[in-house]
Structures are given as structure tokens and as C-alpha cells.
Amino acid sequence: MKVLIIGESCKDVFHYGDTDRLCPEAPVPVFNSLESVENGGMAMNVFCNVEAMGAIPTLKTNPNWESIVKTRFVDKRTNHMFLRLDENDGGYGTANLTTVDFQAYDAVIVSDYNKGYLSEAMLEEISLAHPLTFLDTKKILGAWSIGYSFIKINNAEYKKSQYTITDKMRENLIITQGPKGCLYRDQLYTVPFVEVKDTSGAGDTFISGLCVKYLESGDASNAIRHANQCATEVVQKKGVAVV
């Protein structure tokens, strides 16, 4: 199974530590870093998850992704995040899709974080270039998204797009709802109750599991249940985790 992944990528850095005093110059905690973990984030996280699930991924992303860094400072004991620092967040550039051979792949995943790397026109072009496409987007949905086989958004994103969603789009829409599971064609796919340690990257894992399982089974319900299972697994881990 060959999967093409298109979208923005960054480097996620987690500093885990503790704090036992306040800064004398200001009423903020003094953070003592004990451990650091780095991962590829956003579309790169989708790539890693798809690969971990046994498919063969190819990633089309911004070449400078390692210079775009999202750093979290997290209490090691409670997993409480003190601060997130983003560096070079405006430097993703613009995708060039002219050399992409879409027919060389069994499916296409678009991981669109709405950072300017993919325009609505490009997204529409991708949806028309392949018969099996999976969209995970932070954009407000519009006519450009009608051609996608599956559109995955979370509940907050759905509220922003609810007035632009047509009946045709709604047929392909999967709305993830955190601990409740997800909604697809008026059916709620539930998930078991678990202790959630970190939701970072869970959406990336969901879209990865959805795509890989759909390629294996050809059944949307089966793929959604598997995607739920994968996302449930990673939220029980700290940081941006791979299934």
C-alpha cells in the first residue's frame, strides 16, 4: 500500500521537568528541564504513523520543516504544560505539486494545517487528481473540498464550517469528538474511557489509521473503528506519539 501525504511539517520538542519555586523577578515558575524529546510533527507525524502501520508512505512537505519548531515545557509528574514556544511559524512556504504523479499511489492524505502551504485551489486540485483522498484540514470547508473521499475535522472545526457544509460534503464528513469518539453519517462511533495524558498529534494518528485500514478492508465503518482505536492508544502516551 503506497500512500502519498501532503501538508506542512514541523519539529515538536517536549521539555519535561519540574518546578519548586517562583522566579524572583516575576510571579512565574522557574522550570527545571529534566528530559527532552523531539519528534517530527504535523504531516511528518502522519508519515511516521502510516509507516508504523505497515504502509509505504511518501511525504510532500516544506523542506525547512526542522527549522519550524514547536517547543512545550511540561511538568513531568502531572503533564501540565507551562508554556509553548513556536519558532518560524510563518515560514512554511508554498507547495509545488507540478511534478507529483498521483497515480503512483493507492491513496492520498492531505494534512492541511492552514499555514499557507496549500491553497484552496491546490486542495481542490488534489481531490480531483486521485479517486481515494483523505482530508484533515484547519480551513473552513467550502466548495473546494467536495471532491474528497473522506473529510476529517474535530468538533470545534465543525462549528466554524457548519454553515458552509453542503449535503454532498456531509456524506464524507467525519467529526471527531474527543472522548465521545466520532460521528460519521449520523452514527456515533464510541471509544472506551481511558486516562488521557496528551492529545497532541491524535488527529494525525486518526487520519493515518483511517486511510491504512480503509485500504486494507474497503469498509468505512471498519476503518473508522480502527482509527478510533489508534487515536485512543496515542492519547494515553506523553507528547506526539506514534501508534
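This is a short tour of a predicted model, stop by stop, with what to select at each one.

**Before you start**

Residues are numbered from 1 along each chain as its sequence is written, and side-chain values use heavy atoms, with hydrogens and water left out. Because the model is predicted, local features need pLDDT of at least 70 and side-chain atom pairs count only at pLDDT 80 or more, while totals for chains, interfaces and linings use all residues.

Helices (H or I, at least four residues) and strands (E, at least two) are DSSP runs, numbered from the N terminus.

**Stop 1: the sheet of eight strands**

Select E4, E1, E7, E8, E9, E10, E11 and E12, in that order. These 8 strands form an open sheet with mixed pairing. Two strands pair if DSSP finds at least two bridges between them. Strand E4 (56-60) and strand E12 (187-189) are the edges, each pairing on one side only. On average, neighbouring strands here are turned by 20° against each other, direction ignored.

Now zoom in on E7 and strand E8 (residues 133-137). They pair in the parallel sense over 5 bridges. Pick Val110: its bridge partner in E8 is Leu135.

Move on to strand E9 (residues 150-154). It is largely enclosed by the rest of the structure, because 4 of its 5 residues are buried. Buried means under 20% relative accessible area, exposed over 50%, and partly exposed in between (1.4 Å probe, protein chains only). E8 and E9 run parallel, joined by 3 bridges. Asp136 stands opposite Lys152 in E9. On to strand E10 (residues 173-176): 4 bridges join it to E9, again parallel. There, Ile153 stands opposite Ile175 in E10.

**Stop 2: helices on the sheet**

Show H1. This helix packs on the sheet and touches E1, E4 and E7. Its direction makes about 170° with that of E4. Axes are lines fitted to C-alpha atoms, for helices over the stretch in contact, and angles run from 0 to 180 degrees between N-to-C directions. Contact means heavy atoms within 4.5 Å.

Then show helix H2 (residues 120-129). H2 lies across E1, E7 and E8, running at about 165° to E7.

**Stop 3: the sheet of four strands**

Select E3, E2, E5 and E6. These 4 strands form an open sheet in that order, with mixed pairing. The edges are E3 and strand E6 (81-87), each pairing on one side only. Neighbouring strands are turned by 15° on average, direction ignored.

Focus on strand E2 (residues 9-18). 9 of its 10 residues are buried, so E2 is largely enclosed by the rest of the structure. With strand E3 (residues 32-42), E2 runs antiparallel over 10 bridges. With strand E5 (residues 69-75), E2 runs parallel over 7 bridges.

Click Ser9: it stands opposite Met42 in E3. Click Lys11: it stands opposite Gly40 in E3, and its bridge partner in E5 is Val69. Helix H1 appears here too, lying across E2 and E3 at about 80° to E3.

**Stop 4: the largest nonpolar core**

A nonpolar core is a set of buried Ala, Val, Leu, Ile, Met, Phe, Trp, Tyr and Cys residues joined through side-chain atoms within 4.5 Å. The largest one has 30 residues. Select Ile5, Val50, Ile109, Phe134, Phe150, Ile174 and Leu210, which have the most contacts inside it. Among the elements supplying at least two residues each are strand E1 (2-7), helix H1 (43-52) and helix H5 (202-217). H6 gives the most, with 6 residues.

A second, separate core has 29 residues, including Leu4, Val108, Leu135 and Tyr148.

Back in the largest core, which residues does Leu210 touch? Leaving out residues up to four places away in sequence, they are Phe134, Phe150, Ile174, Ala223, Ile224 and Ala227. Leu210 lies in helix H5 and is buried, with a relative accessible area of 1%. Measure from Leu210 to Phe134, C-alpha to C-alpha: they are 8.6 Å apart in space and 76 residues apart in sequence.

**Stop 5: Asp204**

Stay in helix H5 and select Asp204. Asp204 is buried yet has no salt bridge (a side-chain nitrogen of Lys or Arg within 4 Å of a carboxyl oxygen of Asp or Glu). The nearest side chain of opposite charge is Lys152, 6.6 Å away. Lys and Arg count as positive and Asp and Glu as negative; His and the chain ends are not counted. Finish by showing its contacts: Asp204 touches Met42, Asn45, Val46, Ser111, Tyr113 and Asp136, not counting residues up to four places away in sequence.
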